[in-house]
Amino acid sequence: MRVCFVSRGGIGELIKKADAAACADVYVCGFQSLGEVSYERELKGETRCFERVAALSGLTKSVVVCGCDTDAKGFKRKSAVVAENGKILGVSDMTNALDGEVGSGAALRVYETGKGRLGVIVAEDLYFPEVAKTLSVCGSDILICPYPSVSGNIESVLIRAHAFCYGAPVLFCGVGYCAIAGADGSLAFASAESPVEVAFECAKEYHLVETRHRGFYKPPKKDY
């Protein structure tokens, strides 16, 4: 699989340079790619942000995952729009809002695509391991995390931990930095260039895990 990370610049620049003959399978774009998207203005046709994401996926015959800030009549969230082959598949919202900066979304989603089952971790949902675990348990082949500005080394540590613990590689794209964490917990790729393409193998890990703990009392069986 070939992945193109876009950690600088906007969607419009990619559309101008799109070449269907030499395109990636998946495009992962940071939050700078679209900026803030107003649902009201989108519906009125005053802006065409989501249309540009769909257009890029159509021109490149690929899957595009793009981070953005969304505004639903004053209720703001951190979100990610997902498109494939010219069609919008959906919008995922960050489900854990920190310190009331933005609102929280209601649900997680795994996207069925021609490139595999993609679980989307939006922005600071990366800080909550249960998000990555849930997406993995629900069958994600790959976890994709569009992210705002990178604050330090913690994001790199977390994507490696999530990939190792939950058995699915993590594709991360923040503003100015992108990376891939393999299912073995290694940092398989990292770059500050944009756009940058990389080929990687989507390896998954499965193991039998047994545990013992107290609880779930069962009364002794009776002889009849």
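The following paragraphs describe the overall architecture of a predicted model, its cysteines and two of its serine residues.

The predicted protein contains 5 helices and 13 strands. Its C-alpha trace extends over about 75 × 40 × 35 Å along the principal axes. The radius of gyration is 19 Å, in agreement with the value near 17 Å expected for a compact globule of 224 residues. Of these 224 residues, 47% are classed as buried. When contacts are restricted to residues at least 6 apart in sequence, 59% of them connect residues at least 24 apart.

The surface exposed by the protein amounts to about 11900 Å², of which 52% is contributed by carbon and sulfur atoms. With regard to charge, the protein carries 25 positive and 27 negative charges, and the mean positions of the two sets are separated by 5 Å.

The cysteines were examined next. No disulfide emerges from a search of the whole structure, the count being 0. For C23, the closest cysteine sulfur belongs to C4 and lies 9.9 Å away, which is too far for a bond. C66 likewise takes part in no disulfide, its nearest cysteine sulfur being that of C29 at 4.6 Å. Because a disulfide requires the two sulfur atoms to be within 2.5 Å, the separation of 4.6 Å between the sulfurs of C66 and C29 does not qualify. The surroundings of C23 and C66 fall into separate classes of accessibility: C23 is partly exposed, with a relative accessibility of 21%, whereas C66 is buried at 0%. The value for C23 is to be read against the limit for burial, which is set at under 20% relative accessible area.

Two serines were considered in their structural context. S7 is located in the loop that links β1 (2-6) to α1 (11-17). Despite this loop position, S7 is buried, with a relative accessibility of 0%. Neighbours within four places in sequence being set aside, the contacts of S7 comprise Q32, the run C173, G174, V175, G176 and Y177, and further A192, E193 and S194.

S156, by contrast, is part of a helix, α5, which covers residues 154-166. The relative accessible area of S156 is 15%, so this residue is also counted as buried. Once residues up to four places away in sequence are excluded, S156 makes contact with Y177 and L187. Y177 thus appears in the contact lists of both serines, that of S7 and that of S156.

Definitions and conventions
Residues numbered from 1 in each chain as written. Predicted model: local features only at pLDDT ≥ 70, side-chain atom pairs only at ≥ 80, totals over all residues. Heavy atoms only, no water. Buried < 20%, exposed > 50% of the residue type's maximum accessible area, 1.4 Å probe, protein only. Helix = DSSP H or I, 4+ residues; strand = E, 2+ residues; numbered from the N terminus. Rg over C-alpha atoms; globule rule 2.2 N^0.38 Å. Contact = heavy atoms within 4.5 Å. Areas by Shrake-Rupley, 256 points an atom, 1.4 Å probe, with all protein chains shown as cover. Lys, Arg positive; Asp, Glu negative; His and termini not counted. Charge placed at Lys NZ, Arg CZ, Asp CG, Glu CD.
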